[in-house]
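Welcome to a short set of exercises. Have the sequence and the structure open, and try each task before you read its solution.

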Amino acid sequence: MREVSDFPHAVECLDPVWVPMEDGVRLNARIWLPESAHQRPVPAVLEYIPYRLRDGSARRDAIHHRYFAGHGYAAVRVDLRGSGDSEGVLEDEYLEQELIDGEAILRWLAAQPWCDGGVGMIGISWGGFNGLQLAARQPPELKAVVSVCSTDDRYTDDVHYMGGCLLGDNLSWASTMFAYNSLPPDPSVVGERWREMWHQRLEGSGLWLATWLEHPHRDAYWRHGSICEEFSKVRIPVLAASGWADGYSNAVMRLLEHLPGPTRGLVGPWSHKYPHLGEPGPAIGFLQECLRWWDQWLKGEERGVLEDPALRAWMQDSMPPTTQYGHRHGRWVGEPVWPSPRIEEWRLPLAPRRLSLDGERRRESWPLTVQSPLTCGLFAGKWCSYAAGPDLAHDQREEDGGALVFDSPPLTETLEILGGPVLELEVAADRPVAMVAVRLSDVAPDDKATRVTYGLLNLTHRDGHATPRPLTPGQRYQVRVQFNDIAQVFPEGHRLRLAISTSYWPLAWPPPEHVRLTIHDEGSALVLPRRPPRAEDVAIAFEASEGAPTIPMTPMEPEHHNWYVHRDLAEDLSTLEVINDRGRVRLEDSGLEVQIRSVETYRSRDDDFRSLEGTTLWERSLKRDDWEVTTVTRTVLTSDPAYFYLHATLDAYEDNRRVHCQSWDRRIPRRLV
C-alpha cells in the first residue's frame, strides 16, 4: 500500500471526544476533520466497532479515517458501549442497545457544527454488520453504507453455524471477544474511574459462547439483526465488498439480488481484511472506491458509480495448493446485473466415483457409502481466513482419503464458474443426526488438489434451519447442499473433483456419533454456475492501494503465527495447534505497550466422538510506565452424544497481582447438532 500524506485538505484530529447516549452513558470517539469544516461543514463517515480505537484498531483507523478527512469528510471512529474507553458493559454482539446507541451517534453527528447533516457508515465485519442493521432502521441521518465482510443472515452465514453445523470458528470467535471484553479502559483517557469500569466489565460481560450454543437453530435470537428478514427496509445505497478467502463472500451476491436501493458488489481474492490491505493480493485502491461512493451519495457529485457493473469479482486462476498465498493470480470480471442471465447451470450427474461431463447418467453399480474418520478436516484451514499464518486449505489429497470422491475426465476446454455450486444429493443415513461436508477441488495433471469451494449441511436441517427434524435411519432423502460462492478458472487438461465426507473437524463440530451415509445415483448431481467470458472484462481495473500514514509503532518482541498438525501414533491422538502471537509493540502516539498471544488446540482420539476437544488460551497485556494490566482467558469445549460441556476461566492481573478470578462450567443440550 502506498502511503499518501499530501491531501486536498489539511486534517486535525479530535481525541478524545465523548458522545452522550440517552441513558447518560458516554461513548468514546476519535474524529479526523478537514480543518476547513469549521467554516464549511462536511458529511461525516462513521465506523462503529468494539475493537479498542486506542490500542486495537488504532493503526488501521489512521490509514483510512485520516485519508477520508484529507479528502473532505469528517471521519469518525466510535467504540461500542463497554469496549475501549467507552462507558458501560458489552454483553453480546448486535444487541438492541447497540443499535439504539448507533442511532444516537448518527443524530449527534448530524447536529455537530462541522457536519452538514449527512452521514455514511463504513465497517468491516462487526462494523459492516451494524451498518446494514442501522440502515434497516432507516434513521434519516444515514445516507449510504460501505459494508465489508458482513452478512445479511446472522444464523446461516456467520461465524457461528453453517448449514446448521456448529463451526469451530464459533469457539474461536467467542474466545477472541472473551479476551477483548476482559481489558480495561485507558487511565490516561478516563482517569481514576478506569479500575471501577474495568471490574464492571470483568463481572458483567458474561460468557458469549454459552449463549450461542444455547441457540443451535435459526430462532428469534438470530433473526434479530438479520436484514434478510425484510430486505426492503434497506433503502439507501450499499457498497458491499468481501473476498473469496473470507467467510462472508456469499452475502455480497444476496445483497445485490435483494436490496431495493442502489447496490454494488465487489469480491476480490482477499481474506478477512479491507481490500486496500487485502491479502492474498492483489490489494486495490479501495479507499478511492469509497470516496467515489461517498461523493456520489453524500455530496451529490456524479462519480459514475451506477455505471459500474453490479458485480466486480476476481476470477481466480488455477494455482497449486498452499495454506498461504501471497498473491492470487487472476483477472477482474464484471456482471452488469446480478443474478446474471448469462450464467448457466451445468449439471454433472454422479456416476460411481466419477462426474459425468456429458450430462448423461449411466446405469452402473450403485449405491456408494462413506463413513469418514474424525481426522478428515485437519487440512481444511479456517472458516474465516485472516491471512495471519497458514490458515487456508492445504492440498486436499490427504482429506480425500477419508471421503467419497468423484472425479471428472480431464477437461477438453477451459471452464469458468461464478456463483454458488450446488450438490443435489439423494442420501440415506444410519443415524438420526448426520452431517455432510462437500468439497469441489481443481485437480492438476500432477494430481495436486486445490480446494475451490465447499459446503456443509446438518441433514436434520434438510427442510430448514428453524425446526430441524431427526432422520429416519435408512430412509432416502433428497437434499441440496449449497457451496460457498466462488469465481474460478479450471484449465483444459485439469479435472474436477467432488469429495463427500461425514465429518470436517475442526472446521465444524462432528455429529454425536459415527454415521454412514449411502449415496444414491437417481437424484444426485453437481450443478455448476458456468460463466462464458466477456470481452468487456478487460476494461475493469482499479487504482493502486493507498492510504494515510499510520501511527508509528516500535516492535519490542517478534510475532509468531503458525498452524501445526500433531499426530501421536502411539495414542492415536490428532491435534491441530493454531498459534497467533502478535508479539509486543509500543504505539508511539499513546505510549502504550501492547502484547497479544493466543493458542488454539483441537483434538480427537482415534474415532472416539467423546474425545473431541477445543481449547483456546488468550493472554493480553497493556503497559505504560508503571501501569500494567494482564488478562488470561481460557475456554474448553467438549461433548458427548447428548451435551456440550463448556469450561472457561478468566484471570485479571494489575501490576502482576491477581485482582479478579472467575470460572464457568456449563452443560448445554446438543439439540440435533
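Helices (H or I, at least four residues) and strands (E, at least two) are DSSP runs, numbered from the N terminus. The model is predicted, so local features need pLDDT of at least 70 and side-chain atom pairs count only at pLDDT 80 or more, while totals for chains, interfaces and linings use all residues. Residues are numbered from 1 along each chain as its sequence is written, and side-chain values use heavy atoms, with hydrogens and water left out.

**Exercise 1. Find what lines the largest cavity.**

Step 1. Start with the terms. On a 1 Å grid over the protein atoms alone, a cavity is a set of points where a 1.4 Å probe fits but cannot get out; a pocket is an open set with protein on both sides within 12 Å along at least five of seven lines; lining residues have an atom within 4 Å of a point. Grid points are joined across faces, edges and corners, and a volume is the space filled by probe spheres set on the points.

Step 2. Look at the volume: the largest cavity holds about 400 Å³ of space. Its lining has 26 residues, and those closest to the centre are Trp244, Ala245, Leu392, Arg451 and Val452.

Step 3. Ask which element gives the largest share of this lining. Strand E21 (residues 449-458) does, with 5 residues.

Step 4. Sort the lining by class. Ala, Val, Leu, Ile, Met, Phe, Trp, Tyr, Cys and Pro count as nonpolar, Asp, Glu, Lys and Arg as charged, and the others, Gly among them, as polar. The lining of the largest cavity then has 11 nonpolar, 9 polar and 6 charged residues.

**Exercise 2. Describe the second largest pocket.**

Step 1. This pocket has a volume of about 920 Å³. Among its 41 lining residues, Gly420, Val422, Gln482, Phe483 and Asp485 are the closest to the centre.

Step 2. Elements that each supply at least two residues of the lining include helix H9 (250-258), strand E19 (422-429) and E21.

Step 3. By class, the lining of the second largest pocket has 16 nonpolar, 13 polar and 12 charged residues.

**Exercise 3. Work out how helices H2 and H3 are arranged.**

Step 1. Axes are lines fitted to C-alpha atoms, for helices over the stretch in contact, and angles run from 0 to 180 degrees between N-to-C directions. The axes of H2 (residues 96-111) and H3 (residues 126-136) come within 10 Å and cross at roughly 75 degrees.

Step 2. Angles under 35 degrees count as roughly parallel, over 145 as roughly antiparallel, 65 to 115 as roughly perpendicular and the rest as oblique. H2 and H3 are therefore roughly perpendicular to each other.

Step 3. In the contact (heavy atoms within 4.5 Å), Glu98, Leu99, Gly102 and Glu103 of H2 meet Trp126, Asn130, Gln133 and Leu134 of H3. These residues divide into 3 nonpolar, 3 polar and 2 charged.

**Exercise 4. Is Arg52 buried or exposed?**

Step 1. Locate Arg52 in the loop between strand E4 (42-49) and helix H1 (58-70). Although Arg52 is not a glycine, its phi is positive, about 60 degrees.

Step 2. Buried means under 20% relative accessible area, exposed over 50%, partly exposed in between (1.4 Å probe, protein chains only). With a relative accessible area of 3%, Arg52 is buried.

Step 3. Now try Asp572, in the loop between strand E28 (560-568) and E29. Its phi is also positive, near 55 degrees, and at 35% relative accessibility Asp572 counts as partly exposed.
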